[in-house]
Amino acid sequence: MAETYTIKEVAEKFDLTISTIRFYDKKGLLPFVAKNDSGYREFTESDLNLIHTVCCLKNTGMPIHDIKQYIEYCMDGSKTIPQRKALLQTHKEEVLRQQAQLMENLKEIDIKIDRYNSPKAKELIDAQVAFVKKEKAELQLANGFRV
């Protein structure tokens with residue numbers, strides 16, 4: 001027999017707050033969720049699959065209005081496969097761009113960590129501070145160092 005889940009169970013399963021699920025519903029992201037005679041949402045396994053997709057899209061930075069569009073395409077069935085594919089492809093490209101940017105930023109973080117792990121860390125940092133102080137002084141600018 002098919003099982004249903006309460007909003008509390010869904011919130012726990014996806015590590016969301018109940019208010020977040022209600023917000024998603026209010027924004028039109030959960031049109032597939034039915035309500036029982038008492039007005040409570042009853043979530044099914046297939047609902048959980050779509051909520052998983054909503055969370056994935058949200059976690060990867062897709063705007064709410066685009067997630068809503070994607071869900072609306074889903075609600076229209078297979079005739080919207082080309083639109084769904086195009087929307088996801090565009091989002092994928094943005095995620096890959098962000099991922100590349102994160103990798104570049106991670107390289108800078110690694111450079112800093114390597115510098116601080118160096119046996120010459122104190123000498124390197126003291127030299128940097130001295131350089132910045134000299135540069136600011138030559139330009140008659142205040143420097144922000146407290147050393």
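This is a guided tour of the structure above, moving from the whole chain to single side chains.

The model is predicted, so local features are described where pLDDT is at least 70 and side-chain atom pairs count only at pLDDT 80 or more, whereas totals for chains, interfaces and linings use all residues. Residues are numbered from 1 along each chain as its sequence is written, and side-chain values rest on heavy atoms, with hydrogens and water left out.

**The whole chain**

Begin with the full C-alpha trace, which spans about 75 × 35 × 30 Å along its principal axes. The radius of gyration, taken over C-alpha atoms, is 25 Å, while a compact globule of 147 residues would have a value near 15 Å by the rule of 2.2 Å times the number of residues to the power 0.38. Colour next by secondary structure: there are six helices and two strands, in the order α-α-β-β-α-α-α-α from the N terminus, where helices (H or I, at least four residues) and strands (E, at least two) are DSSP runs numbered from the N terminus. Colouring by accessibility, with a 1.4 Å probe and protein chains only, separates residues that are buried (under 20% relative accessible area), exposed (over 50%) or partly exposed (in between); buried residues make up 22% of the 147 residues.

**Helix H5**

Select residues 81–117, which form helix H5. The 37 residues of H5 should span 54 Å at 1.5 Å a residue, and its end C-alpha atoms lie 52 Å apart, which agrees; the expected span is 1.5 Å times one less than the number of residues. Within H5, show Arg84, Leu87 and His91, which are buried, and then add helix H3 (45–59) and helix H4 (64–75), against which the buried residues of H5 pack.

Staying on H5, display the side chains of glutamate 94 and arginine 97, which form a salt bridge with their closest N and O atoms 2.6 Å apart; the term requires a side-chain nitrogen of Lys or Arg within 4 Å of a carboxyl oxygen of Asp or Glu. These two residues are three apart, about one turn of the helix, and glutamate 94 is partly exposed at 31% relative accessibility, as is arginine 97 at 43%. Further along, lysine 112 and glutamate 108 meet in a salt bridge at 3.7 Å, N to O, and, being four residues apart in H5, they are also separated by about one helical turn. The search of the whole structure finds eight salt bridges.

**Arginine 41 and aspartate 25**

Move now to arginine 41, whose side chain meets that of aspartate 25 in a salt bridge of 2.8 Å, N to O. Aspartate 25 lies in helix H2 (residues 18–26) and arginine 41 in strand S2 (residues 41–42), so the pair ties together parts that are 16 residues apart in sequence. Both aspartate 25 and arginine 41 are buried. To see the surroundings, select what arginine 41 contacts (heavy atoms within 4.5 Å) beyond its neighbours within four places in sequence: Tyr5, Ile7, Arg22, Asp25, Val33, Ala34 and Lys35.

**The cysteines**

Finish with the cysteine sulfurs, where a disulfide would be a pair of sulfur atoms within 2.5 Å and the count comes to zero. Cysteine 55 has its nearest cysteine sulfur, that of cysteine 56, 8.8 Å away, and cysteine 55 is buried at 9% relative accessibility. The sulfur of cysteine 74 is 12 Å from the closest cysteine sulfur, in cysteine 56, too far for a bond, and cysteine 74 is likewise buried, with a relative accessible area of 15%.
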